[in-house]
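Hi,

Here is the structure I promised to pass on to you. Have a look at it first, and then read on for my notes on what turned up.

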Amino acid sequence: MSKTPIIILNYKTYTESTGKNAVQLSKYVQEASEESGINMAIAPQAVDLYPIISEVDIPVYSQHMDAITPGGHTGSTLPEAIKETGVTGTLINHSEQRLTIADIDSIVEKTKEMELTSVLCTNNVKTSAAAASFNPDYIAIEPPELIGTGIPVSQANPEIVENTVEEIHKINKEINVLCGAGISTGEDMKAALELGSQGVLLASGIIKADDQKQALLDLVSLI
């Protein structure tokens, strides 16, 4: 599992983080990680995983994988195919790619079988506590109403972060909690860590920045 504190940058499907732009952004993330000494990881689109992994040494995560086995599942994302790219792990149940409880259970177990790191996304304290029973490596708390707004959950609703950490650690103290939604500045990052999280999961605040590398360095400037 990746060292903490950790920043995981979700590339989503922005043009600024697709194809050649995705490869360049990944190099910026690696440079920022090396210069700051802070562990940074990335989650590009599935089509960009292999070319990016060939260019950088930082941890690379898939944005998603499906609870399927090899066979007739046209258009799905096969876990074995994701593993073959050389990824470190995968996001699971992001608010933009929700899964059933049964599929979450299946995928988390599959990551353990394949020795991949699991980052299970949740949207509130109750679902975070329930998610802890699956024993993923990370749980990322992201209230969907704040995603992409620029309003950080660490400021808009700090109690949800503190309470999530508390409830998860009642069940499994080994699970690392990440804070997501609206994180973009050094103050946001500092606040997230002070609330008990071990890192952040973020996207547009960095990807849409005029200077992506500097935005990453600013993000970790206060820790």
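Let me start with a pair of helices: H1 passes H10 in a right-handed crossing. Please keep in mind throughout that this is a predicted model. Helix H1 covers residues 20-36 and helix H10 covers residues 212-219; the angle between them is about 35°, and their axes lie 9 Å apart. On the H1 side, the residues in contact are Leu25, Tyr28, Val29, Glu31, Ala32, Glu35 and Ser36, and they meet Gln212, Lys213, Leu216 and Leu217 of H10. Sorted by class, this contact is made up of six nonpolar, two polar and three charged residues.

Next, the charged pairs. How many salt bridges does the structure hold? The count is 10, and here are some that I looked at in detail.

Lys12 and Glu96 form one of them, with 3.0 Å between the closest N and O atoms. Lys12 sits in the loop that runs from strand S1 (6-10) to H1, while Glu96 sits in the loop from strand S4 (89-92) to helix H4 (101-113), so this salt bridge ties together parts that are 84 residues apart in sequence. The two partners also make a contrast in accessibility: Lys12 is buried, with a relative accessible area of 13%, whereas Glu96 is exposed at 51%.

The loop between S1 and H1 also supplies Glu16, whose partner Lys208 lies in the loop between helix H9 (204-207) and H10, so here the parts tied together are 192 residues apart in sequence. In this salt bridge between Lys208 and Glu16, the closest N and O atoms are 3.1 Å apart. Both residues are partly exposed, Lys208 with a relative accessible area of 46% and Glu16 with 27%.

A further salt bridge stays inside one helix. Glu113 and Lys110 meet through their side chains, at 3.4 Å from N to O. They are three residues apart in helix H4, so about one helical turn separates them. Glu113 counts as exposed, at 60% relative accessibility, but Lys110 counts as buried, at 17%. Elsewhere, Glu31, Glu35 and Lys213 are joined into one network by salt bridges that share partners. You will recognise these three from the helix pair above: Glu31 and Glu35 belong to the H1 side of the contact, and Lys213 to the H10 side.

You may also wonder about the cysteines. How many disulfides does a search of the whole structure find? The search comes back with zero. Why is there no bond between Cys121 and Cys179? The closest cysteine sulfur to that of Cys121 is the one in Cys179, and it is 12 Å away, which is too far for a bond; a disulfide would need the two sulfur atoms within 2.5 Å. Seen from Cys179, the closest cysteine sulfur is likewise the one in Cys121, at 12 Å. Both cysteines count as buried, Cys121 with 1% relative accessibility and Cys179 with 0%.

Finally, a note on helix H8, which spans residues 186-194. Its buried residues include Gly186, Asp188, Met189, Ala191 and Ala192. Just after H8 comes Gly196, which takes a positive phi of about 110°.

I hope this gives you a good start. Happy to talk any of it over once you have had a look.

Best wishes

Note on methods:
Residues numbered from 1 in each chain as written. Predicted model: local features only at pLDDT ≥ 70, side-chain atom pairs only at ≥ 80, totals over all residues. Heavy atoms only, no water. Buried < 20%, exposed > 50% of the residue type's maximum accessible area, 1.4 Å probe, protein only. Helix = DSSP H or I, 4+ residues; strand = E, 2+ residues; numbered from the N terminus. Axes fitted to C-alpha atoms, helices over the stretch in contact; angles between N-to-C directions. Left-handed = near helix turned anticlockwise from the far one by under 90°. Contact = heavy atoms within 4.5 Å. Nonpolar A, V, L, I, M, F, W, Y, C, P; charged D, E, K, R; others polar. Salt bridge = Lys/Arg side-chain N within 4 Å of Asp/Glu carboxyl O.
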